[in-house]
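Take a moment with the sequence and the fold before reading on. The paragraphs below walk through them step by step.

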Amino acid sequence: MRIVVSRLDDFPPGERRIVQAGRRTIGVFRVGDRFYALNNHCPHQGGPLCLGATQPWLTSTAPGEVRQEDGDALVACPWHGWEYDLETGQSFLGPDEPPARTYDVSVERGKNGRIPGPYVAETYPVHVEDAYVVVDTSGGARPGDKGGDR
């Protein structure tokens with residue numbers, strides 16, 4: 001299943017979007033010019049993972065030396081604070097636990113700025129009868145119909 005999340009111009013760096021995908025929700029994060037997507041279900045105890053705080057990596061080459069990387073790379077579940085890598089879904093508080101599910105994200109150009117969907121507008125014949133405009137919905141199936149009145 002492909003899900004169109006947003007126009008690129010409407011999704012600034014540092015923001016996240018939660019989108020519905022069937023019965024599940026997926027968090028989409030924009031960090032700089034990179035995008036990450038995670039299942040919004042914490043593997044630890046089922047919390048809303050993608051609603052948690054994000055933070056960058058901290059690295060250290062020696063005691064007392066700490067360096068903060070650019071851009072957020074981790075999300076912490078709001079229920080218990082377990083952190084997951086946005087790119088891989090790996091947890092560092094439960095390294096033997098299963099990772100959060102991740103998804104591929106791409107930026108695509110649509111035709112005229114739009115991506116065609118699977119939807120077909122239902123159409124009806126229109127007639128002018130004695131200065132009245134009339135829409136006829138009782139006719140047979142039209143191209144794209146899945147049968148009958150709706």
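What follows moves from the overall fold to the cores, the cysteines, the salt bridges and the surface.

This is a predicted model. The chain has 150 residues, and 23% of them count as buried. Its secondary structure holds 11 strands and 0 helices. Read along the sequence, the pattern is β-β-β-β-β-β-β-β-β-β-β. Contacts also reach along the chain: among those between residues at least 6 apart in sequence, 32% join residues at least 24 apart. The accessible surface comes to about 11000 Å², and carbon and sulfur atoms account for 50% of that area.

Now go inside. In soluble globular proteins, nonpolar side chains tend to be buried together. Here the largest nonpolar core has 13 residues. Which of its members touch the most others? They are Phe29, Leu38, Leu49, Val75, Tyr84 and Leu86. Strand S2 (24-31) supplies at least two residues of this core, and so does strand S3 (34-39). Leu86 gives a good view of the packing. Beyond its neighbours up to four places away in sequence, Leu86 touches Phe29, Val31, Tyr36 and Leu38. The list for Leu86 also includes Asp72, Ala73, Leu74, Val75 and Thr102.

A second, separate core has 7 residues, among them Phe11, Val19, Val28 and Ala37. Follow Val28, which lies in strand S2. Is Val28 buried or exposed? Its relative accessibility is 4%, so Val28 counts as buried. Leaving out residues up to four places away in sequence, its contacts include Phe11, Val19 and Ala37. Val28 also touches the charged residues Glu15, Arg16 and Arg17. Val5, Phe35 and Tyr36 are on the contact list of Val28 too. Tyr103 is 75 residues from Val28 in sequence, yet their C-alpha atoms are 9.1 Å apart in space.

Strand S3 also holds Asn39. Asn39 is buried, at a relative accessible area of 15%. Which residues does Asn39 touch, not counting those up to four places away in sequence? They are Arg24, Thr25, Leu49, Cys50, Arg101 and Tyr103. One of these contacts, Leu49, belongs to the largest nonpolar core.

Cys50 brings up the cysteines. How many disulfides does a search of the whole structure find? The count is 0. Why is Cys42 not bonded to Cys77? The two sulfurs are 3.8 Å apart, and a disulfide needs them within 2.5 Å. Cys77 holds the closest cysteine sulfur to Cys42, but that sulfur is too far for a bond. Cys50 also has its closest cysteine sulfur in Cys77, at 9.4 Å, again too far for a bond. Cys42 is buried, with a relative accessible area of 1%. Cys50 is buried as well, at 0% relative accessibility.

Turn next to charge. Side chains of opposite charge can pair when their charged atoms come close. A search of the whole structure finds 6 salt bridges. In one of them, the side chains of Glu108 and Arg2 meet at 2.7 Å, N to O. Glu108 sits in the loop between strand S9 (102-103) and strand S10 (126-129), and Arg2 in the segment before S1, so this pair ties together parts that are 106 residues apart in sequence. Glu108 is partly exposed, at 40% relative accessible area. Arg2 counts as exposed, at 64%.

Arg7 and Asp9 form another salt bridge, at 3.2 Å, N to O. Arg7 is partly exposed, with a relative accessible area of 49%, while Asp9 is exposed at 63%. Arg30 and Asp33 also meet in a salt bridge, at 3.1 Å, N to O. In this pair Arg30 is buried, at 11%, whereas Asp33 is exposed, at 67%.

Finish at the surface. Met1, Ile3 and Val5 form a nonpolar patch there, with about 300 Å² of accessible area together. Met1 lies in the segment before strand S1 (16-21). Its relative accessibility is 80%, so Met1 counts as exposed. Val5 from this patch is also a contact of the buried Val28.

One loop residue remains. Gly81 lies in the loop between strand S7 (74-76) and strand S8 (83-85). Gly81 is partly exposed, at 30% relative accessibility. Leaving aside neighbours within four places in sequence, Gly81 is in contact with Ala76 and Leu93. Leu93 is 12 residues from Gly81 in sequence, and their C-alpha atoms are 8.8 Å apart.

Conventions: Residues are numbered from 1 along each chain as its sequence is written. This is a predicted model: local features need pLDDT of at least 70, side-chain atom pairs count only at pLDDT 80 or more; totals for chains, interfaces and linings use all residues. Side-chain values use heavy atoms; hydrogens and water are left out. Patches are made of residues with over 30% relative accessible area and no salt bridge: like charges are joined within 9 Å, nonpolar side chains (Val, Leu, Ile, Met, Phe, Trp, Tyr) within 5 Å. Accessible areas come from the Shrake-Rupley method with a 1.4 Å probe; for residues, only the protein chains shown count as cover. A salt bridge is a side-chain nitrogen of Lys or Arg within 4 Å of a carboxyl oxygen of Asp or Glu. Helices (H or I, at least four residues) and strands (E, at least two) are DSSP runs, numbered from the N terminus. Buried means under 20% relative accessible area, exposed over 50%, partly exposed in between (1.4 Å probe, protein chains only). A nonpolar core is a set of buried Ala, Val, Leu, Ile, Met, Phe, Trp, Tyr and Cys residues joined through side-chain atoms within 4.5 Å. Contact means heavy atoms within 4.5 Å.
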